[in-house]
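Here are my notes on the model, set out as numbered points. Please read them with the structure open.

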Amino acid sequence: MPLRPADLTRRKQAGLPITLLTAWDALSAAVVAGAGVDAVLVGDSLAMVVLGHATTLPVTLEEMLHHCRAAGRGLAAAAPHDPPLLICDLPFLSYQCGADEAVAAAGRVLKETPAVAVKLEGAEPETLAVIDRMVRSGIPVMGHLGLTPQSVHQLGYRRQAGDPVSQERLRRRALALQEAGCFALVIEHVPAELASVLSAALVIPVIGIGAGDGCDGQVRVTADLLGLSSRQPPFSPPLIQGRALAVKVLGRWVRQQGPAAAPSPAPATRPASPAAPHC
Ligand code: KIV
């Protein structure tokens, strides 16, 4: 049976840890499905990880839809009977310009890709109103607080909620997201004690990254875990040095092909055609 968003709360109630990994195409989705992950996030981190942007801000809704469809094909091929839950990030400015536009953007994710839920960042009053509209329209929504990369020009990539006032603010925002109908909450780069307290306080699962071991689940950017990212976040260390390993083995293959041939000069005149074979 495919996992549904509400099943994550049942997993939390049963004390089962929840695992989420990102994917950006069919290849990466098949790999993380093969690893047996519970849910796959087509995160807007793909803007940096695979599209080479400096932040997540430039990625468009069209690009997210394109990558999500590819990830969906990878999951269908790798885990046709028991696919992980597929969630797609709503990119910057697809949900901040009014509730109608936001619901339409989230609706496109559900209509045009195999994703069954969207994720969005923040808990401003307008964002809470948008989440309420989406949930009442039948669109499952995952929240995201703490380090929210779409606000990089205000928050940077620093650890968030370091003092009691901002911790209390974050706690209130997390409760507001639950109240608005989010089925789960990602919490990024905050003190571990705060993340544990939140996990205990909320009914919905709290999925941490750079937030300690006391969360109901963990999410990681797959390229970070594999050591493929060009900019490795300090709170998400690699499991292997994938980039260095790939360069090494591919370099060995290149060298096995012999010394690089000097480019041959272009012929001045067209060479005579070889004689046509007799048939
Ligand atoms: O875009 C992303 O990959 C994310 C994860 C860091 C949770 O939002």
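Which residues does Lys119 touch, not counting residues up to four places away in sequence? I start there and work outward. Keep in mind that this is a predicted model.

1. **Lys119 and its surroundings.** Lys119 touches Leu41, Ile87, Cys88, Asp89, Leu90, Met142, Gly143, His144 and Val186, leaving out residues up to four places away in sequence. Lys119 sits in strand β4 (residues 117-119). Is Lys119 buried or exposed? Lys119 counts as buried because its relative accessibility is 3%, and the cut-off for buried is under 20%. The side chain of Lys119 makes a polar contact of 2.9 Å with the side chain of Asp89.

2. **The ligand site.** Lys119 and Asp89 are also among the residues that surround the ligand. The others are Thr22, Leu41, Gly43, Asp44, Ser45, His144, Val186, Glu188, Val219 and Val221. Three side chains deserve a look for their polar atoms. Ser45 places a polar side-chain atom 2.6 Å from an oxygen atom of the ligand. For Asp44, a polar side-chain atom lies 3.1 Å from a ligand oxygen. Asp89 has a side-chain N or O atom 3.1 Å from an oxygen atom of the ligand.

3. **Cys88.** Cys88 belongs to strand β3 (residues 85-89). Cys88 is buried, with a relative accessible area of 0%. Setting aside neighbours within four places in sequence, Cys88 is in contact with Leu41, Val42, Met64, Cys68, Val109, Ala115, Ala117, Val118 and Lys119. For a distance check, take Ala71: its C-alpha atom is 10.0 Å from that of Cys88, and the two residues are 17 apart along the chain.

4. **The nonpolar cores.** The largest nonpolar core has 58 residues. Which of them have the most contacts inside it? They are Val42, Leu90, Val109, Val118, Leu120, Met134 and Ile187. Helix α4 (residues 61-78) gives the largest share of this core, six residues. A second core is separate and has 17 residues, including Ala39, Ile87, Ala117 and Ile207. In soluble globular proteins, nonpolar side chains tend to be buried together.

5. **Val109.** One residue of the largest core can be followed in detail. Beyond its neighbours within four places in sequence, Val109 is in contact with Leu61, Leu65, Cys88, Leu90, Ala115, Ala117 and Val118.

6. **Salt bridges within helices.** The structure holds 12 salt bridges. Arg108 and Glu112 form one of them, at 2.8 Å from N to O. Both residues lie in helix α5 (residues 99-112), and because they are four residues apart, about one helical turn separates them. Arg108 is partly exposed at 26% relative accessible area, and Glu112 is partly exposed at 32%. Glu168 and Arg171 form another salt bridge, at 3.0 Å from N to O. These two lie three residues apart in helix α8 (residues 164-180), about one turn of the helix. Glu168 is partly exposed, with 32% relative accessibility. Arg171 is partly exposed too, with a relative accessible area of 29%. Salt bridges with shared partners also join Glu62, Arg69, Arg108 and Glu112 into one network.

7. **A salt bridge between distant parts of the chain.** Asp38 pairs with Arg11, with 3.5 Å between the closest N and O atoms. Where do the two partners sit? Asp38 is in the loop between α2 (26-34) and β2 (39-42), while Arg11 is in helix α1 (residues 5-13), 27 residues apart. Asp38 counts as buried at 12% relative accessibility. Arg11 is partly exposed, at 21%.

8. **Strand β8.** In a regular strand the side chains alternate between the two faces of the sheet. Strand β8 (residues 217-220) shows alternation. Gly217 and Val219 point to one face and are buried, whereas Gln218 and Arg220 point to the other and are not. Strand β1 (residues 18-22) runs parallel to β8, joined by four bridges. Here Leu21 stands opposite Arg220. Strand β7 (residues 206-209) is also parallel to β8, joined by two bridges. In that pairing, Ile207 stands opposite Gly217.

Conventions. Residues numbered from 1 in each chain as written. Predicted model: local features only at pLDDT ≥ 70, side-chain atom pairs only at ≥ 80, totals over all residues. Heavy atoms only, no water. Core = buried A, V, L, I, M, F, W, Y, C linked by side-chain atoms within 4.5 Å. Buried < 20%, exposed > 50% of the residue type's maximum accessible area, 1.4 Å probe, protein only. Contact = heavy atoms within 4.5 Å. Salt bridge = Lys/Arg side-chain N within 4 Å of Asp/Glu carboxyl O. Polar contact = N/O pair within 3.5 Å; in protein donor to acceptor, adjacent residues only side chain to side chain. Pairing = 2+ DSSP bridges. Near = heavy atom within 4 Å.
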